[in-house]
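Trainee: Pick one spot in this model and walk me through it slowly, please. Then show me how it fits with the rest.

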Amino acid sequence: SEDVLSKDAGECAICLEELQQGDTIARLPCLCIYHKGQVFLRMDIKFQKVAFTGCIDEWFEVNRSCPEHPSD
């Protein structure tokens, strides 16, 4: 299900960027959370922001299980 993160929650296991308060996330049945929708990454060069589609959306294009619990 899609949700907005209420507090910082560590690192996204797909993109390795921080899951920050206010990010749109997907919470899977196993309770793992990943970026969903458009995500902005801060680049070190000139502190520019780069957008890409949500981590879990891209993951589910080729996989049907949680990245951290593939046997579930």
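Mentor: Let's start with Ser65. Skipping its neighbours within four places in sequence, Ser65 is in contact with Trp59, Phe60 and Pro70, where contact means heavy atoms within 4.5 Å. Ser65 sits in the segment after helix 1. Helices here are DSSP runs of H or I with at least four residues, strands are runs of E with at least two, and both are numbered from the N terminus. Ser65 counts as buried because its relative accessibility is 18%; the cut-offs are under 20% for buried, over 50% for exposed and partly exposed in between, using a 1.4 Å probe and protein chains only.

Before we go on, some ground rules. This is a predicted model, with residues numbered from 1 along each chain as its sequence is written. Local features need pLDDT of at least 70 and side-chain atom pairs count only at pLDDT 80 or more, while totals for chains, interfaces and linings use all residues; side-chain values use heavy atoms, with hydrogens and water left out.

Now step back for the big picture. The protein has one helix and five strands, and along the sequence they come in the order β-β-β-β-β-α. There are 72 residues, and 22% of them are buried. If you take contacts with a separation of 6 or more, 27% join residues that are 24 or more positions apart. The accessible surface comes to about 5200 Å², with carbon and sulfur atoms holding 50% of that; this area comes from the Shrake-Rupley method with a 1.4 Å probe, and for residues only the protein chains shown count as cover.

What about the inside? The largest nonpolar core has 12 residues, including Leu5, Leu19, Ile25, Tyr34 and Ile56. Such a core is a set of buried Ala, Val, Leu, Ile, Met, Phe, Trp, Tyr and Cys residues joined through side-chain atoms within 4.5 Å. Strand 2 (24-27), strand 3 (33-35) and helix 1 (55-62) each give at least two residues to this core. In soluble globular proteins, nonpolar side chains tend to be buried together.

His35 makes a good next stop, as it lies in strand 3. With a relative accessible area of just 2%, His35 is buried. Not counting residues up to four places away in sequence, His35 touches quite a list, among them Cys12, Leu19, Ile25, Cys55 and Ile56. The side chain of His35 also makes a polar contact, at 3.5 Å, with the side chain of Asp23. That term means a pair of N or O atoms within 3.5 Å; within protein, one must be able to donate a hydrogen and the other to accept it, and residues adjacent in sequence count only if both atoms are side-chain atoms.

Follow His35 to Cys55. Leaving out neighbours within four places in sequence, Cys55 is in contact with Cys12, Ile14, Cys15 and His35. You may be wondering about disulfides, meaning pairs of cysteine sulfur atoms within 2.5 Å. The count by that rule is zero. Cys15 is in none: its nearest cysteine sulfur, that of Cys55, is 3.6 Å away. Cys15 is partly exposed, at 22% relative accessibility. Cys30 has a similar story: its sulfur is 3.6 Å from the closest cysteine sulfur, in Cys66, and so too far for a bond. Cys30 is partly exposed as well, with a relative accessible area of 28%.

Lastly, charges. Side chains of opposite charge can pair when their charged atoms come close. Two salt bridges turn up in the structure, each a side-chain nitrogen of Lys or Arg within 4 Å of a carboxyl oxygen of Asp or Glu. In one, the side chains of Arg27 and Asp3 meet at 3.4 Å, N to O. Arg27 is in strand 2 and Asp3 in strand 1 (residues 2-4), so this pair ties together parts 24 residues apart in sequence. Both partners are partly exposed, Arg27 at 30% and Asp3 at 34%. In the other, the closest N and O atoms of Lys36 and Asp57 are 2.6 Å apart. This pair links distant parts of the chain, 21 residues apart: Lys36 is in the loop between strand 3 and strand 4 (39-42), and Asp57 is in helix 1. Lys36 is partly exposed at 21%, and Asp57 is partly exposed at 27%.
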